[in-house]
Amino acid sequence: MGNQPIKMDTGNKVLLFIASLALLATVLFLVSQLAGWVAEMTGSKAEAVSEERIAQRIAPIGKVVSGEVDTEAEPADLSAGDIYSNVCAACHDDGVSGAPIKGETDEWSNRLNDKGLETLFDHAINGFNEMPARGGDSSLTDEQVRDAVAYMLDEADVEHDYEGSDNGDGDDGNGNGNGESTAEGDEPVATTETGEAAADEEAEAVATIALEEGDADRGQSRFNTCVACHGEQGQGTPVFPKLAGRDAEYIADKLVRYRAGETMGDQTALMAPNAANLSDGDIADLAVYVATFED
């Protein structure tokens, strides 16, 4: 009698079946939770890498200076519009990293109402979230940064009480958009002949650029400000020209002419301020680096 098999009635069989299903469901649930945890950890690593690349892209770059530096030199005489084009447009034209887009009235109005004008100025001067201090251009004065912020508010048709400096209207230092003095009783000062003479002198000066002393590594650091328009490998965009395939002499010649204020195509207004503060050494470094781009 001790060796008789255990008999299970129908009720016990049903209970055993249900218990088996419950155990299977528990195992499947635990496996799905484990898979979700692994996927979340992987996604977090990918996101961290993405944020790091964004931070590197918008971080301020170092300045390469050749020769003696005049620490008492006057800041560049740029209009608010020039500053926007040179420094701010890379992010505020397309809303990179959440930057308010130029011309979006609601966005700028909300920020002004929520934070106040002084806070907007402070964030632009000292940096905020992913925006570097002074937009990444440490050469800008506090007043120039304030003018650029006021310019973006004006472009969005948002009223504010900041009067700005003399050149805060986005045109030129005299508010007339033509670079000529129009003080009452004075005649406009023609600058064409002077500009042409300076351009001729600088065109000849390109021969003095010591390309053999150019350093591609320093040039790469300087080129970071050019990437937004010309591409990381100089491939260009529908708006800005391709640089890949150009030799160092060509690049140096163009930069010297832009530095002199010579008009060369539709992008002169953007390029001339960028080239204005380049030294001969900077131009040599940039030219040598750009020449490494394959067509």
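**Rings and charges in a predicted model**

Modeller: Let's start with Phe121, which counts as buried at 2% relative accessibility. Do keep in mind that this is a predicted model.

Colleague: Happy to. Why is Phe121 called buried?

Modeller: Its relative accessibility is 2%, and buried means under 20%, so Phe121 qualifies.

Colleague: And what makes Phe121 and Tyr162 an edge-to-face pair?

Modeller: The ring centres lie 5.0 Å apart, with 70° between the planes. Rings pair if their centres lie within 6.5 Å, and planes over 60 degrees apart count as edge-to-face, so both conditions are met. This pair links distant parts of the chain: Phe121 sits in helix H4 and Tyr162 in the loop between helix H5 (142-155) and helix H6 (192-205), 41 residues apart.

Colleague: Why does Tyr162 count as partly exposed?

Modeller: Tyr162 has 21% relative accessibility, and partly exposed covers what lies between the 20% and 50% limits, so the label follows.

Colleague: How do you know that the pair of Tyr289 and Phe293 is edge-to-face?

Modeller: Their planes stand at 80° and their centres are 5.1 Å apart, so that pair is edge-to-face. Tyr289 is buried at 11% relative accessible area, and Phe293 is buried at 4%. Ring pairs also join these two with Phe223 in a cluster.

Colleague: Back to helix H4 (residues 117-126), where Asp122 is found. Why is Asp122 called partly exposed?

Modeller: Its relative accessibility is 38%, which falls between 20% and 50%, so partly exposed is the right class. Asp122 also belongs to a negative surface patch with Glu118, Asp161 and Glu163.

Definitions and conventions: Residues are numbered from 1 along each chain as its sequence is written. This is a predicted model: local features need pLDDT of at least 70, side-chain atom pairs count only at pLDDT 80 or more; totals for chains, interfaces and linings use all residues. Side-chain values use heavy atoms; hydrogens and water are left out. Patches are made of residues with over 30% relative accessible area and no salt bridge: like charges are joined within 9 Å, nonpolar side chains (Val, Leu, Ile, Met, Phe, Trp, Tyr) within 5 Å. Accessible areas come from the Shrake-Rupley method with a 1.4 Å probe; for residues, only the protein chains shown count as cover. A salt bridge is a side-chain nitrogen of Lys or Arg within 4 Å of a carboxyl oxygen of Asp or Glu. Lys and Arg count as positive and Asp and Glu as negative; His and the chain ends are not counted. The place of a charge is taken as NZ of Lys, CZ of Arg, CG of Asp or CD of Glu. Helices (H or I, at least four residues) and strands (E, at least two) are DSSP runs, numbered from the N terminus. Buried means under 20% relative accessible area, exposed over 50%, partly exposed in between (1.4 Å probe, protein chains only). Rings of Phe, Tyr and Trp (its six-membered ring) pair if their centres lie within 6.5 Å; planes under 30 degrees apart count as stacked, over 60 as edge-to-face and the rest as tilted.
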